[in-house]
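Work through the exercises below with the sequence and the model open. Try each task before reading its solution.

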Amino acid sequence: MINIKTPREIDLMRVAGEIVGDTHKYLIPYLKPGITTEKIDSLARDYIIKRGATPSCYHYNGYPGNICISINEEVVHGIRSKRKLCDGDIVTLDICACYKGYHGDSAWTYAIGNISEEKKYLLEHTEKSLYEGLKQIKAGSHVGDIGEAVQKYVESHGLGVVKELVGHGVGNNLHEDPDVPNYGKKNTGPILKEGMVIAVEPMVNLGTADVCLLDDDWTVVTLDNKPSAHFEHTVLITKDGYEILTKR
Ligand code: MF3
Ligand code: CO
């Protein structure tokens, strides 16, 4: 069942989304060679708590971190550790916060120091693919409209779109109906209505689309070990379009 949010719920989700967006902005100055992912994770936790929210990922299905931190070939759900970021890395921070029972969810991939031209290309076109997907959204559009737009954009740029992981509804659960795949066909799938909230989150690989799971049972990596990027916003569906709740 796809929930339609009440005006009160939408107000709370705006706050949750703002906290997530602000957490990203807060962390950006720290994203330099030498910082450990453990440090980034604890800075994020402390900031989210200071804002009156809680990190939704913490202990979600047993996930041990406060936010997901994925480096280079790691696609999603990387776990904080003593590893230090290096010049030339790309790092995805996937941040979820819960405010008064409602969640916000946004992932963004950042360059650490000087990155290769191909990593720049990956970041630029993954971010653009998110907006290609979002452009499809208004009351009455189908979930498949988003997937088709993302997939066409990504594949026409010679990149691989991950299919095993998808976007989702957001509300008082971090993951709700509907699934929002980054592939598909126009005019298929559930119809979006005013007041629904979804997370659109293309995960895009520089090489092939294939992924696999590491032994820690969380970290998803590319099968060919080439880098991967991830850009995500939580958005409210409106009559004529959408409102980004996780503005940054
Ligand atoms: N934003 C991530 C997702 O939608 C949240 C993962 S929380 C985790 O998949 F605990 F599962 F890592
Ligand atoms: Co998400």
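**Exercise 1. Describe which way the residues of β4 point and how they are covered.**

Step 1. Sort the side chains. Ile90, Thr92, Asp94, Cys96 and Cys98 point one way from β4, and Val91, Leu93, Ile95, Ala97 and Tyr99 point the other way. All are buried, where buried means under 20% relative accessible area, exposed over 50% and partly exposed in between (1.4 Å probe, protein chains only).

Step 2. Take the total. In β4, 10 of its 10 residues are buried. Strands here are DSSP runs of E with at least two residues, helices are runs of H or I with at least four, and both are numbered from the N terminus.

Step 3. Note the basis. This is a predicted model, in which local features need pLDDT of at least 70 and side-chain atom pairs pLDDT 80 or more, while totals for chains, interfaces and linings use all residues. Residues are numbered from 1 along each chain as its sequence is written, chains are lettered from A and ligands numbered from 1 in the order in which they are written, and side-chain values use heavy atoms, without hydrogens and water.

**Exercise 2. Find the pairing partners of β4.**

Step 1. Apply the rule: two strands pair if DSSP finds at least two bridges between them.

Step 2. Go through the partners. β1 pairs with β4 in the antiparallel sense over 2 bridges; Thr54 has Cys98 as its bridge partner. β2 and β4 are antiparallel over 4 bridges, with Ile71 bridged to Val91. β4 and β5 are antiparallel over 10 bridges.

Step 3. Look at the turn. Tyr99 stands opposite Tyr102 in β5. The hairpin has 2 residues between the strands, and Lys100 takes a positive phi near 45 degrees.

**Exercise 3. Decide how many disulfides the model holds.**

Step 1. Set the cut-off: a disulfide is a pair of cysteine sulfur atoms within 2.5 Å.

Step 2. Count. The result is 0 disulfides.

Step 3. Check two cysteines. For Cys68, the nearest cysteine sulfur is that of Cys57, 4.1 Å away. For Cys96, the nearest is again that of Cys57, at 3.8 Å. Cys68 is buried at 5% relative accessibility. Cys96 is buried too, at 3%.

**Exercise 4. Explain how the buried residues of α2 are arranged.**

Step 1. Size the helix. α2 (residues 37-50) has 14 residues and reaches 20 Å from its first C-alpha to its last, close to the 20 Å expected. The expected span is 1.5 Å times one less than the number of residues.

Step 2. List the buried residues: Thr37, Ile40, Asp41, Leu43, Ala44, Tyr47 and Ile48. They fall within an arc of 165 degrees seen down the axis, so they line one face of α2. The arc is that of the directions from the helix axis to the C-beta atoms.

Step 3. Find what they pack against: α1 (7-27), β1 (54-55), β2 (68-71) and β4 (90-99). Contact means heavy atoms within 4.5 Å.

**Exercise 5. Identify the donors of the cobalt ion (ligand 2).**

Step 1. Name them. Asp105 (OD), His168 (NE2), Glu201 (OE) and Glu232 (OE) coordinate the ion at 2.1 to 2.3 Å. Donors are N, O and S atoms within 2.8 Å of the metal (3.2 Å for Na, K and Ca); water is not among the atoms, so sites may look incomplete.

Step 2. Place them in the chain. The spacing is D-x62-H-x32-E-x30-E. Asp105 in strand β5 (residues 102-111) and His168 in strand β7 (residues 167-169) are 63 residues apart. Asp105 and His168 are buried.
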